[in-house]
Every structure is written in structure tokens, then in C-alpha cells.
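The exercises below ask the reader to work through one protein model, from its overall layout down to single side chains. Each task is followed by a solution that goes step by step.

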Amino acid sequence: MPSTRQPSVCAKICGIICLFVAIASPIASQAFAQATGNRATFPKNFGEYVRYGIYDRGSSKEEAFATAETIAIAKSGQPLPPGTRLVLGIWTDYKLVSYFVMEKGVDWGLTSPEDQRTGDWHFQQFDTTGQVKREAIADRCQSCHGGQADNDFMFTTDKMRAYLP
């Protein structure tokens, strides 16, 4: 016979809290990225991106992607405009494990202390479905790219300019 007992007030409150957490988690993840000043997002049109470089290290490799328009701008020698996204596919043990995105925005560098700025680029790690991943700290990307000021904070400018479709 089914129980006719009503849930306690505590059980109702716990249920409401669990429901709130389930709904708010994806929103909180994006809000956290915003709160930390990181605005890089995964490109919705990633399927249109072109692989312009491969950095093969045996069982691990990195694949560099950009839009054809971005590559054309890089080839012309012009600086990449705000709105540009570059994607790096990360492979470990012959398996794609994540993506790193660097995205340029208008005055995005102003959110970082002056000695840590990488122009107006922000960096973010994503899983293979394009969701924010927090295993690597984007600040480390920013730290390494900081030494590439002469190349608009990019390591792959030469690969983009040498790319032949």
C-alpha cells in the first residue's frame, strides 16, 4: 500500500534547492567565466573553420583552426579584428580531449592588470562538445601568450600566413 505520509518541510526545501542547483549550474558556469573577466566563447560556426596547422608530438598533437576570413586577414599582414576566434584542438593518446579558444574583443584587455594583458585576447578551455571546461586555467594561456606581443600575442601567425588551401 502506498504511503500517505506527506514529505516534511525539510524534504520540500531540499527538493527546491536541488532543482535550483540543476537549473542554475550551466548559467553559473557562464557567469563564472564572465565574473573572472574571461569572455572567450566556443564558435557556433566551428564546422566552417579551417585547420591551418598541426603540431604533432607523437601520441599528442595540437590542431590550429581559424575561419578562412581570419586566415586571409593574417596573410594580408593586417591585425586580426575584434570578434576573431582561434581554436586549438588538443589531442592526448591519439584522442581529442579538449579545445582552447582565444577570442579578441574590443577593450577586453582592460579587464586584466596591465602587466598580464595579452592585447584584447581572452582564453578559455572547452570540452569536445564546446562546453566550458575548467581543468586548465586560462590564466596560464594568457601568461605564455604574453611573450608574443610582436605577433599580436599569437604563436601560429606564421602557420596561418603559410597556409595553402
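A residue counts as buried under 20% relative accessible area, as exposed over 50%, and as partly exposed in between, with a 1.4 Å probe and protein chains only. The model is a predicted one, in which local features need pLDDT of at least 70 and side-chain atom pairs count only at pLDDT 80 or more, while totals for chains, interfaces and linings use all residues. Residues are numbered from 1 along each chain as its sequence is written, and side-chain values use heavy atoms, with hydrogens and water left out.

**Exercise 1. Describe the layout of the protein chain.**

Step 1: take helices (H or I, at least four residues) and strands (E, at least two) as DSSP runs numbered from the N terminus; the protein chain then has four helices and five strands. Step 2: place these elements in sequence order, which gives the pattern α-β-β-α-β-β-β-α-α. Step 3: turn to burial, where 35% of the 165 residues of the protein chain count as buried. Step 4: with a contact defined as heavy atoms within 4.5 Å, consider the contacts with a separation of 6 or more, of which 53% are accounted for by residues 24 or more positions apart.

**Exercise 2. Sort the residues of α3 by exposure, and say what covers the buried ones.**

Step 1: the buried residues in α3 are Ala-138, Cys-141, Gln-142 and His-145. Step 2: look down the axis of α3, taking the arc as that of the directions from the helix axis to the C-beta atoms; the buried residues fall within an arc of 100°, and therefore they line one face of the helix. Step 3: on the other side of α3 are the exposed residues Asp-139, Arg-140, Ser-143 and Cys-144. Step 4: the cover over the buried residues of α3 includes β4 and β5 (121-126).

**Exercise 3. Determine the state of Cys-141 and Cys-144.**

Step 1: apply the criterion for a disulfide, a pair of cysteine sulfur atoms within 2.5 Å; a search of the whole structure finds zero disulfides. Step 2: for Cys-141, which is in no disulfide, the nearest cysteine sulfur is that of Cys-144, 7.5 Å away. Step 3: compare the accessibilities, noting that Cys-141 counts as buried because its relative accessibility is 17%, whereas Cys-144 counts as exposed because its value is 53%.

**Exercise 4. Describe the surroundings of Glu-63.**

Step 1: locate Glu-63 in strand β2 (residues 60-66), where it is buried because its relative accessible area is 7%. Step 2: list what Glu-63 touches, leaving out residues up to four places away in sequence, namely Arg-51, Gly-53, Ile-54, Val-87, Leu-88, Gly-89 and Trp-91. Step 3: search for polar contacts, that is, pairs of N or O atoms within 3.5 Å, where within protein one must be able to donate a hydrogen and the other to accept it, and residues adjacent in sequence count only if both atoms are side-chain atoms. The side chain of Glu-63 makes such a contact of 2.8 Å with the side chain of Arg-51, and another of 2.9 Å with the side chain of Trp-91. Step 4: follow Trp-91 further, using the rule that a charge sits over a ring if NZ of Lys or CZ of Arg is within 6 Å of the ring centre and within 35 degrees of the ring normal; the charged end of Lys-61 sits over the ring of Trp-91, 4.7 Å from its centre.

**Exercise 5. Classify the ring pairs that involve Phe-46.**

Step 1: rings of Phe, Tyr and Trp (its six-membered ring) pair if their centres lie within 6.5 Å, and planes under 30 degrees apart count as stacked, over 60 as edge-to-face and the rest as tilted. The structure holds six aromatic pairs. Step 2: Phe-42 and Phe-46 have ring centres 5.3 Å apart and planes at 55°, so this pair is tilted. Step 3: the rings of Phe-46 and Tyr-49 have centres 5.6 Å apart and planes at 45°, so this pair is tilted. Step 4: check burial, which gives relative values of 17% for Phe-42, 18% for Phe-46 and 11% for Tyr-49. Step 5: place these residues in their wider setting, one aromatic cluster formed by Phe-42, Phe-46, Tyr-49, Phe-65, Tyr-99 and Phe-126.
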